[in-house]
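Good morning, and thank you for joining. Please look at the sequence and the structure on the screen while I go through the main features.

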Amino acid sequence: MQLKRHAPHPTMSQSSEAIQKLLLAHFRGDENGFRDAAWDVVREERRLNHSVFANELEKILERGNGQSPSKTFFATLSTNNGNMPKDSDKNANLIELSQPVTDLDELILSPELQRGVDRIIRERRSSELLRSHGMKPASKLLFCGPPGCGKTVAAAALANALYLPLATVRFDAVVSSYLGETAANLRKVFDYARVRPVLLFFDEFDAIGKERTAMDEHGELKRVVNSFLQMLDSFHSETLTLAATNHQGLIDPALWRRFDDILLFDKPSPDEIETLLCRYFRQVTLSKSVRIKSISKRLVGMSHADIERLASDAIKDVVMNERGQVTPSVLTSAIERQEKRIGITQMGDSAVETTTAKRSRRSQ
Ligand SMILES: Nc1ncnc2c1ncn2[C@@H]1O[C@H](COP(=O)(O)OP(=O)(O)OP(=O)(O)O)[C@@H](O)[C@H]1O
């Protein structure tokens, strides 16, 4: 894991190696490695004459002697698993808890999006300073944009950068066919996240945030959106709430202003496509006749996930056919397969839209 960009504090830059070791050991569950790295931090802080801080760290380490800090962390997560909010009908977990290891540096983001993400992290890291001035860091975020452009992976990377467990809300369990049960499930989710700081992630948020005029049999949708609005308004916690949607047009207008920040994840520009391709093809040899710049222009309109898939398709081709390198013809056939796939997906989408429109006309 690289921790280049988000060093914790400029004065601690010399101990960054120790911190990196600490985190690596933590995520590997390497108890001894974690303890050694923690003592390295203590030594480094002493060397910097931060003796009060070094003494505090030493006390924590001695108090925790015999316990593995990394194991303790995972034990906390698994204990939380025991207290997981559940749907009373099927007894299914309403959230899925994980500790992502994705690094923000792995993402190719537009400069504007990068600024937005950096700002969220800066605000969270300066929360005490902000609070001392009567302000709060952004804590309710909305990620919008087409599928496969990084909303989910950015949520994971944010959780990692902020050292928060990622609690992904399981809509299949939250949305209940029983009247009133969906709102009750949502309350359980918020109650869970109120008492323990997590990154609470509502992926495919439109499943519950649909405009209140959307037709349904019992007006249940309207009740759910209203309850969600109230819960979001009264939710004040260390938790970072993040909703993501591919269908921003469906979101109830009253919900928009509840979010402190809205970030748009768009399809990559030609330059971003070029960076993506170079990154994916790092592990293979590219034939000299492959013109990455002009290929990048051809791929405009594809998502990051589409480009990742076609690159991996081309690499598989090279491996399976024992070719030494990615040639223009390998690349062209991978692109054509991906274009065909996108065409089929779009046909599927428009068939779903037609059925939805028909149903909605029938119910009016
Ligand atoms: N900005 C990005 N930089 C690098 N890789 C990306 C980026 N966006 C997406 N990817 C790749 O595409 C995959 C799918 O992306 P992701 O699931 O985050 O998209 P999404 O916007 O959440 O899609 P959906 O709306 O369908 O859930 C990622 O796992 C990652 O490999």
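The six strands of this predicted model make up an open sheet, ordered β1-β3-β4-β5-β2-β6, with mixed pairing. At the edges stand β1, residues 95–98, and β6, residues 261–264; each has a single partner strand, so one side of each is left without a neighbour in the sheet. On average, and ignoring direction, neighbouring strands are turned by 20° against each other.

Let me turn to one of these edges. In which sense do β2 and β6 pair, and over how many bridges? Strand β2, residues 140–144, pairs with β6 in the parallel sense, over four bridges. Within that pairing, Phe-143 has Leu-263 of β6 as its bridge partner.

Next, the helices that lie across the sheet. Helix α5, residues 111–125, lies across β2, β5 and β6, and its direction makes an angle of about 150° with β6. Helix α9, residues 181–195, lies across β1, β3 and β4; here the angle is about 160°, taken to β4.

I should now like to consider a single residue. Val-153 belongs to helix α7, which covers residues 151–161. Is Val-153 buried or partly exposed? Its relative accessible area is 33%; buried would require under 20% and exposed over 50%, so Val-153 counts as partly exposed. Beyond its neighbours within four places in sequence, Val-153 is in contact with Thr-102 and Leu-107. Thr-102 is 51 residues away from Val-153 in sequence, yet their C-alpha atoms are 7.5 Å apart.

Helix α15 comes next. It spans residues 304–320, 17 residues in total, and reaches 24 Å from its first C-alpha to its last, close to the 24 Å expected. Its buried residues are His-304, Asp-306, Ile-307, Leu-310, Ala-311, Ala-314, Ile-315, Asp-317 and Val-318. An α-helix has 3.6 residues a turn, so residues three or four places apart point the same way. Just after α15, Glu-322 adopts a positive phi of about 50°.

Finally, the chain as a whole. The protein chain has 16 helices and six strands. It comprises 364 residues, of which 43% count as buried. Of the contacts between residues at least 6 apart in sequence, 73% join residues at least 24 apart. The accessible surface comes to about 19900 Å², and carbon and sulfur atoms account for 52% of that surface.

Thank you for your attention.

Methods
Residues numbered from 1 in each chain as written. Predicted model: local features only at pLDDT ≥ 70, side-chain atom pairs only at ≥ 80, totals over all residues. Heavy atoms only, no water. Helix = DSSP H or I, 4+ residues; strand = E, 2+ residues; numbered from the N terminus. Expected span 1.5 Å × (residues − 1). Buried < 20%, exposed > 50% of the residue type's maximum accessible area, 1.4 Å probe, protein only. Contact = heavy atoms within 4.5 Å. Areas by Shrake-Rupley, 256 points an atom, 1.4 Å probe, with all protein chains shown as cover. Pairing = 2+ DSSP bridges. Axes fitted to C-alpha atoms, helices over the stretch in contact; angles between N-to-C directions.
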